[in-house]
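Me: I've got a structure open and I'd like to talk it through with you. Can I fire some questions at you once it's on the screen?

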Amino acid sequence: MTTQNRGTVKVENGRYRVTGNFHYAYPNEPIRDESGKLLGITNPADMTHIHAYGGEAPFFENLSNAKLLGTKCANPKCETYGSVYIPYRIHCPDCLMRNEEVDLTELARKGASVHTFMITERTGAFNTLEKPIRFVNVEFEGVSTILMGYLSIGEPEIGMKVVPIFQTKKPTFTIMDLSWVPAGTSAADLPEGFTF
Amino acid sequence: MIKFSKQQLKIPQMSKPVYLVTGGMSKFDRAIPEKRTEELVIDSFLEAAEFINKSPEELKQYIHSCYYGHFADHFGDQLLGEAVIHDRLGLDPLGNVGIKTGGATGGSTIWEAYKAVASGYSDTALAMGWERMDEVPTDEGNHYIASAADKDWETPLGHIYTGYYAVMAQKYWQVFGKEEESFRRTLAEIAVKNKGYARMNPHAQSPMKITVEDVLNSPIVAHPLRALDCCLMSVGASCVILADEKTAYEMTDNPLLLYSSAGSHTLRVADRRDMAIPLLPNESPDQYKDLGVRFPGGDRYPGFTGFLAARMAAYYAYGMAGIVDPTEDLDLVELHDAFTISDIQTYEDIGIRPYGEGRSYVESGDCYHTNPFTGQPGKLPANLSGGLIGCMHAVGATGIMQVIEVAQHIWGRWSEMHADEAKWKRFNRVKPDDWTDLQVKGAKRGLAISHAGVGSHVTATVLVHPDHQLKGRG
């Protein structure tokens, strides 16, 4: 069984147009104990889902342009008017009005630090990050929330100044296109495909 | 939201009191290849029926609606698995619904059944939970669990939930634990305690007689957490029957009052905005003014160190049951010890200790069945079942198992349900020679906390012997 011609999707006239294969079928295999008694079967599954980014699409698109977008409540009547959010929130969690987009790239370059972190050798299936993974939760001056990401260079510490780097050469259009490095890292040291 | 209205802070007022009538559990294990889920569910139902000397048919006659806790369809690869179970229990055509709130699924299932009885919709309701986490290899299981984090913003980062959780542990470790070796040893003591209590529980998956050094020498998962600091992945089922007063006393002469509440917080810890600490009845407004001075970095609430969902669930439940100080008013607790460090965080969220001082609950010996320093009964024993670290974490069943374990103490029947040689044998387990009776003598009131992941959902279930209700009950 091959997995050639894996499915791709386009949107035309507001509808998904799919081409190729979105699933591949494989035979079941029996599960037996030492005596040969049948206990069950394997159920192989290989399928591709379609996922809409909706109002968050600008965030994922702009990582490939080396931009970090957040949002801000622009409703003067809201009690938390002016609060800035990243992760990008499409709507204000209090007044539910549509938030205004704000470019946080410069703020992140100047005022980002590690709120907390962890280092792990363990990963789940489908992981693509190199182990050990250094998770960092990054806080920004004047921002209400604390963004999770991964550190590509160095060892994390609480309070450490970090700057964002972006997968601009071969973007995946996922959160993986954003990573962090210690402030002062030289461009020559960045991982493949990443730029400041 | 970071501010609450009067309406949101209302202590729930139920239309009628709700009683716990009985409960039962299957065996719990890492894998049970010889049984289908429905067989485990029926095992737990049979134990619940037998506990009140009823046949399964007799017990079923009382049931009017059913609440099924099963967290991850992915694990069983069966959508609408609740309908399968409902049929196999022979409960069609009664109304039933599936409940999913991650690790809090068991507690939430009880919450739903509770409201059904309290409202008068049903005189008797079944809350049944199960999980089977043995049908994918561990790394794929980790991917599925990580899929309960935000799929766009978190899951792609390693597909490992521990990664999203351990950042909280790291912050607590540095701010409130001050990276002290003594604190690290206190964490290890929790694992030693819970694995040790699991040795007295025939249902338990991971009984171990270990030392603090064993925990400290176990493989690192994510500093400062090691393998023995972490909860289990499990297979199994558990259920309870809830009823109104009249029906409860028809079914048994000794039902327990039950109160259930729920709180929540953002799925991504990232989104938790700084706010004032909501206070519990045993706390004062000034008490946390200098928290950031005593614990530098600890002034952001809940930040990455507190679980607001647990605090809100406790706030509602304490109000409902009339609890002012959990350590004084309760006789035992079952907490969601997903990790030793989150166990300590929870002591603070639910007011067993003030924020920043959770470790003293362990270090005082209060959390033990028998205080190791005084030889006297512990003030508020925790997780005598073995908890998630020693007994099991069959997600949908966990919160229900905790409630059953607390209830058996209040019923004075813990020993009967854990000493039985036949049960040890049926589960193919060896009862230890030094098996110890952990019955909490004279237990009248207890609490179970069911908790999801990084704290997106938490429920609090309080059990009270009807002769020992607290004043000021709502």
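What follows is a chat about this predicted model, one question at a time.

Me: How many residues does each chain bring to the contact between chain B and chain A, and how much area do they bury between them?
Reply: Let's start with the residues: chain A puts in 42 and chain B puts in 37. Carbon and sulfur atoms hold 63% of the buried area. The total that the two chains bury between them is about 3400 Å².

Me: Which three residues of chain B supply more of the area it buries against chain A than any other three?
Reply: Together this trio accounts for 23% of the area that chain B buries against chain A. No other three residues supply as much. They are B:Trp153, B:Leu157 and B:Arg273.

Me: How many residue pairs are in polar contact across that interface, and which element gives the most to chain B's side?
Reply: The rule finds 15 residue pairs in polar contact between chain B and chain A, both residues at pLDDT 80 or more. On chain B's side, the elements giving two or more residues are helix H6 (138-146), helix H7 (161-175) and strand E5 (220-222). By type, the residues on that side split into 13 charged, nine polar and 15 nonpolar. The element that gives the most, with eight residues, is H7(B).

Me: Which residue of chain A forms a salt bridge with B:Asp271?
Reply: Across the interface of chain B and chain A there are two salt bridges by the rule. In the one with B:Asp271, the closest N and O atoms are 3.5 Å apart. B:Asp271 also belongs to a network of salt bridges with shared partners, along with B:Asp150, B:Arg268 and the residue you're asking about. That residue is A:Arg89.

Me: How many salt bridges are there over all chains, and how far apart in sequence are the parts that A:Arg134 and A:Glu155 tie together?
Reply: Over all chains, the count comes to 36 salt bridges. One of them joins the side chains of A:Arg134 and A:Glu155, at 2.6 Å from N to O. A:Arg134 sits in strand E11 (residues 133-140) of chain A, while A:Glu155 is in the loop between strands E12 (146-150) and E13 (162-167), so the pair ties together parts whose separation in sequence is 21 residues.

Me: Is B:Asp244, the salt-bridge partner of B:Lys16, buried or exposed?
Reply: The side chains of these two meet at 3.6 Å, N to O. They link distant parts of the chain, 228 residues apart: B:Lys16 is in the segment before strand E1 (19-25), and B:Asp244 is in the loop between strand E7 (235-243) and helix H10 (245-251) of chain B. B:Lys16 is partly exposed at 29% relative accessible area. B:Asp244, at 8%, counts as buried.

Me: Is B:Lys289, the partner of B:Asp286, buried or exposed?
Reply: In this salt bridge the closest N and O atoms are 3.2 Å apart. B:Lys289 has a relative accessible area of 69%, and the cut-off is over 50%, so B:Lys289 is exposed.

Me: Why is A:Cys73 in no disulfide?
Reply: A search of the whole structure finds zero disulfides over all chains. The nearest cysteine sulfur to A:Cys73, that of A:Cys92, is 3.9 Å away, and a disulfide needs the sulfurs within 2.5 Å, so A:Cys73 doesn't make the cut. For B:Cys391, the nearest cysteine sulfur is that of B:Cys231, at 12 Å. So the reason for A:Cys73 is that gap of 3.9 Å.

Me: Which residues is A:Cys78 in contact with, leaving aside its neighbours within four places in sequence?
Reply: A:Cys78 lies in the loop between E7 and strand E8 (84-85) of chain A. With 8% relative accessible area, A:Cys78 is buried. Its contacts are A:Cys73, A:Cys92, A:Asp94 and A:Cys95.

Me: Which residue's backbone oxygen lies 2.6 Å from a polar atom of the side chain of A:Ser64?
Reply: A:Ser64 is in the loop between helix H1 (57-63) and strand E7 (69-72) of chain A. A:Ser64 is buried, at 15% relative accessible area. Beyond its neighbours within four places in sequence, A:Ser64 touches A:Gln167, A:Thr168, A:Pro171 and A:Phe173. The backbone oxygen in question belongs to A:Glu61.

Terms used. Residues numbered from 1 in each chain as written. Chains lettered and ligands numbered in written order. Predicted model: local features only at pLDDT ≥ 70, side-chain atom pairs only at ≥ 80, totals over all residues. Heavy atoms only, no water. Contact = heavy atoms within 4.5 Å. Buried area = accessible area lost by both parts, 1.4 Å probe. Salt bridge = Lys/Arg side-chain N within 4 Å of Asp/Glu carboxyl O. Polar contact = N/O pair within 3.5 Å; in protein donor to acceptor, adjacent residues only side chain to side chain. Helix = DSSP H or I, 4+ residues; strand = E, 2+ residues; numbered from the N terminus. Nonpolar A, V, L, I, M, F, W, Y, C, P; charged D, E, K, R; others polar. Buried < 20%, exposed > 50% of the residue type's maximum accessible area, 1.4 Å probe, protein only.
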